[in-house]
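Work through the exercises below with the sequence and the model side by side. Try each task before you read its solution.

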Amino acid sequence: MDPTTDNAGQPGDPGDARAALEALRAEIAKAVVGQDPAVTGLVVALLCRGHVLLEGVPGVAKTLLVRALAAALDIDTKRVQFTPDLMPSDVTGSLVYDTRTAEFSFQPGPVFTNLLLADEINRTPPKTQSSLLEAMEERQVTVDGTPRPLPDPFLVAATQNPVEYEGTYPLPEAQLDRFLLKLTIPLPSRQDEINVLTRHAEGFNPRDLHAAGVRPVAGPAILETARAAVAKTTVSPEITAYVVDICRATRESPSLTLGVSPRGATALLATSRAWAWLTGRDYVTPDDVKALALPTLRHRVQLRPEAEMEGVTADSVINAVLAHVPVPR
């Protein structure tokens with residue numbers, strides 16, 4: 001029997017839930033080599049009921065990472081390949097005329113799932129991109145004036161390529177702000193790349209994760225237990241003020257035209273609490289805030305063109321802010 005549930009299938013001890021999520025990270029590592037920060041980010045997003053934008057060059061296992069997460073979770077998952085001709089109804093669903101009943105019935109789209117992999121989201125036009133806005137924020141889809149709730153948990157994991165801009169449509173700020181985290185997937189180190197090739201030489205098939213030994217080790221009940229424990233993680237007034245000071249400092253940066261909004265500050269507080277709980281504490285420290293600042297804030301700021309030409313990046317601005325904002329003691 002799963003140690004995180006009792007005979008009735010109800011969530012168990014928070015410590016068991018934490019252990020299950022640690023096991024989740026280990027299961028994903030069976031398929032994906034050397035991307036521990038991204039795996040941790042996905043777990044944090046699940047705990048915060050947030051969404052994740054994965055950015056990296058082709059071939060760094062962005063899609064495989066999400067597929068491995070789905071395989072290690074006992075939840076429903078669907079994948080949508082975003083293309084220029086994709087329509088909003090292809091994502092949300094549509095009304096279909098039934099000739100037998102002479103009535104229209106709603107046919108749910110792939111967004112009605114627990115984990116939606118939106119592959120290459122920046123390759124579809126803004127009209128289709130915006131079809132996800134209501135789903136991501138309100139966790140429902142409205143078709144023909146009728147709101148239809150999405151299942152819980154619900155997470156959108158979107159991927160995009162940062163180097164190939166021909167035929168792409170950059171995500172607008174309003175949609176970027178809906179993503180809890182933006183995780184950059186770097187090229188692997190030399191040793192990690194050797195390990196990847198060794199696995200393939202030994203017969204690893206990225207299209208068959210079951211054969212790779214990836215098994216479901218957590219599910220909705222465990223996530224609910226973990227979320228309840230995260231909600232009880234203590235945040236001192238000093239930490240709250242520290243988060244606010246960081247976000248306000250971005251609004252005053254001469255390198256930015258757009259700083260972090262209050263929604264971004266709320267997101268940073270939430271991800272810091274989740275990280276603190278995952279590391280085994282029931283209180284948040286300044287180091288927790290620093291650890292999650294880059295993935296939580298990097299997509300919520302906008303660089304000035306002249307700063308961009310000088311080689312300034314969103315990460316460098318946030319790092320400068322972290323270096324200058326006084327840390328509470």
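The exercises go from the whole chain to single residues, and the model is a predicted one.

**Exercise 1. Overall fold**

Task: Find how many helices and strands the protein has, and decide whether its radius of gyration agrees or disagrees with that of a compact globule.

Solution:
- Step 1. Count the elements. The protein has 14 helices and eleven strands.
- Step 2. Set the expectation. For 329 residues, a compact globule would have a radius of gyration near 20 Å.
- Step 3. Compare. The protein has 21 Å, which agrees with the globule value.
- Step 4. Look at the extent. The C-alpha trace spans about 70 × 50 × 45 Å along its principal axes.

**Exercise 2. Inside, surface and charge**

Task: State what percentage of the residues is buried, what share of the exposed area carbon and sulfur atoms supply, and how many side chains carry each charge.

Solution:
- Step 1. Take the cut-off: buried means under 20% relative accessible area. Buried residues make up 47% of the 329 residues.
- Step 2. Turn to the surface. The protein exposes about 15800 Å², and carbon and sulfur atoms supply 54% of that area.
- Step 3. Count charges. There are 31 positive and 40 negative side chains. The centres of the two sets lie 2 Å apart.
- Step 4. Check the range of contacts. Take those between residues at least 6 apart in sequence: 78% of them join residues at least 24 apart.

**Exercise 3. The setting of H299**

Task: Place H299 in the fold, decide whether H299 is buried or exposed, and find what its side chain reaches.

Solution:
- Step 1. Locate the residue. H299 sits in the loop that runs between α12 (286–297) and β11 (302–303).
- Step 2. Read the accessibility. H299 has 7% relative accessibility, so it counts as buried.
- Step 3. List the contacts. Beyond neighbours within four places in sequence, H299 touches L176, F179, L180, L181 and K182.
- Step 4. Pick out the polar partner. The H299 side chain reaches the backbone oxygen of F179 at 2.7 Å.

**Exercise 4. The setting of R25**

Task: Find which helix holds R25 and which side chain makes a polar contact with the side chain of R25.

Solution:
- Step 1. Locate the residue. R25 belongs to helix α1 (residues 14–29).
- Step 2. Read the accessibility. The value is 22%, so R25 counts as partly exposed.
- Step 3. List the contacts. Leaving aside neighbours within four places in sequence, R25 is in contact with V39, T40 and V43.
- Step 4. Find the polar pair. The side chains of R25 and T40 make a polar contact at 3.0 Å.
- Step 5. Check a distant pair. R25 and R298 are 273 residues apart in sequence, and their C-alpha atoms are 24 Å apart in space.

**Exercise 5. Backbone exceptions**

Task: Find where a cis peptide bond occurs, and give phi for A61 and E120.

Solution:
- Step 1. Recall the rule. Most residues other than glycine have a negative phi, and most peptide bonds are trans.
- Step 2. Find the cis bond. This bond joins D152 and P153, with omega at about 5°. P153 lies in the loop between β7 (146–149) and β8 (155–160).
- Step 3. Take A61. Its phi is positive, about 75°, although A61 is not a glycine. A61 lies in the loop between β1 (52–55) and α3 (62–72). With a relative accessible area of 28%, A61 is partly exposed.
- Step 4. Take E120. Its phi is also positive, near 55°. E120 lies in the loop between β5 (115–119) and α5 (126–129). At 27% relative accessibility, E120 counts as partly exposed.

How values were computed. Residues numbered from 1 in each chain as written. Predicted model: local features only at pLDDT ≥ 70, side-chain atom pairs only at ≥ 80, totals over all residues. Heavy atoms only, no water. Helix = DSSP H or I, 4+ residues; strand = E, 2+ residues; numbered from the N terminus. Rg over C-alpha atoms; globule rule 2.2 N^0.38 Å. Buried < 20%, exposed > 50% of the residue type's maximum accessible area, 1.4 Å probe, protein only. Contact = heavy atoms within 4.5 Å. Areas by Shrake-Rupley, 256 points an atom, 1.4 Å probe, with all protein chains shown as cover. Lys, Arg positive; Asp, Glu negative; His and termini not counted. Charge placed at Lys NZ, Arg CZ, Asp CG, Glu CD. Polar contact = N/O pair within 3.5 Å; in protein donor to acceptor, adjacent residues only side chain to side chain.
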